[in-house]
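Subject: Structure handover

Hello,

Here is the structure I said I would pass on. My notes on it follow below the files.

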Amino acid sequence: MTYLPLTPPGQTPLRVMTIAGSDSGGGAGIQADMRTFALLGVHSLVTVTAVTVQNSLGVRGFHEIPLDVIAGQIEAVASDIGVQAAKTGMLASSAIIETIADTWRAQGLAGSVPLVVDPVCASMHGDPLLHPSALDAMRTELFPLATLVTPNLDEVRLLVDIDVVDEQSQRAAVQALHALGPQWALVKGGHLRSSPHSPDLLYNGTDFFEFDGPRIDTGHDHGAGDTLAAAVASALANGYDMPDAVAFAKRWVTECLRAAYPLGSGHGPVSAMFRLSADEHR
Ligand code: PXL
């Protein structure tokens, strides 16, 4: 596959921000985002929202970062380093969501910097990463600021109460998500277990775009959603239009799924590090 353009050594690369939680197991969250950013050649900016305590077997708990520290991280880097795109992941609470939305607007980033919102609600083990009372803030505060929202099918059910089981319900879901205010909505079909494919559907209020890819059935797909959203943000920072950015990110996450590895005694992570071995064997 072709990757994103690289910046020559010594020159400042494009900067992409992750606003997300830390995964002590290193598979998902900020750690997954930073791996994808680095291996796609963009500089990682980091706003930590929460620190999770987890391993391959599940999330034992998490600590939320104080709101002024969350706002401060965004302000500090936006006012100095500059940011060409961002993505959100685990946001934990409605207060954190409101803080991020307020800061995003106050810094003049709304409407000028692409923002990919991955509405993370739970870990793959079903452990909660977003308080149920925060769904409303996600819908009303953050979605209207989003360039793209990227829920999986469980998140679609929580956000718009639609059970995606086929093409028709996937269309209804992507339209309902778009009606909440983002410029684009993507419904990922990766959890449509009945399909041999992983069909994703993108919508901007006018046109539908379908992205098909092989279903990679690995027991190790921790961090797949984070990796997709991070790759979309990286492509948008590079000036890709949305359908091209999503097509690129889908190819990227498919390769990361092929390279996923076992870790601990539970679920292992997808791996952006395939890019290193691909280069070595070229
Ligand atoms: O993959 C979703 C996700 C995002 N962020 C953090 C996580 C997880 C899943 O476990 O732990 C911090």
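Strand 1 and strand 2 run parallel and are joined by nine bridges. One pairing to look up is V16, whose bridge partner in strand 2 is S44. Please bear in mind that this is a predicted model.

These two strands belong to an open sheet of nine strands with mixed pairing, in the order 3-2-1-4-5-6-7-8-9. At the edges are strand 3 (58-64) and strand 9 (208-211), each of which pairs on one side only. In general, the strands of a sheet pair through backbone hydrogen bonds, in either a parallel or an antiparallel way.

At the strand 9 end, the pairing with strand 8 is antiparallel and consists of four bridges. Within it, L201 has E210 of strand 9 as its bridge partner. Strand 8 and strand 9 make a hairpin, with four residues between them. In that turn, G205 has a positive phi of about 95 degrees.

Two helices that lie across strands of the sheet are worth noting. Helix 2 (residues 67-80) lies across strand 1 and strand 2, and its angle to strand 2 is about 160 degrees. Helix 8 (residues 242-258) lies across strand 6 (148-149), strand 7 (184-187), strand 8 (200-203) and strand 9, and runs at about 15 degrees to strand 9.

The other topic is the ligand. Which residues are around the ligand? They are G21, S22, A28, G29, T52, Q54, M90, V120, S123, L129, H222 and D226. Taken alone, the ligand exposes 320 Å², and the protein buries 92% of that. Strand 1 (15-23) and strand 2 (43-55) are the elements that give two or more residues to the shell around the ligand. By type, the shell residues comprise four nonpolar, seven polar and one charged.

Two contacts with ligand oxygen atoms can be checked directly. A polar side-chain atom of Q54 lies 2.6 Å from an oxygen atom of the ligand. For D226, an N or O atom of the side chain is 2.7 Å from an oxygen atom of the ligand.

Regards

Notes. Residues numbered from 1 in each chain as written. Predicted model: local features only at pLDDT ≥ 70, side-chain atom pairs only at ≥ 80, totals over all residues. Heavy atoms only, no water. Near = heavy atom within 4 Å. Polar contact = N/O pair within 3.5 Å; in protein donor to acceptor, adjacent residues only side chain to side chain. Areas by Shrake-Rupley, 256 points an atom, 1.4 Å probe, with all protein chains shown as cover. Nonpolar A, V, L, I, M, F, W, Y, C, P; charged D, E, K, R; others polar. Pairing = 2+ DSSP bridges. Contact = heavy atoms within 4.5 Å. Axes fitted to C-alpha atoms, helices over the stretch in contact; angles between N-to-C directions.
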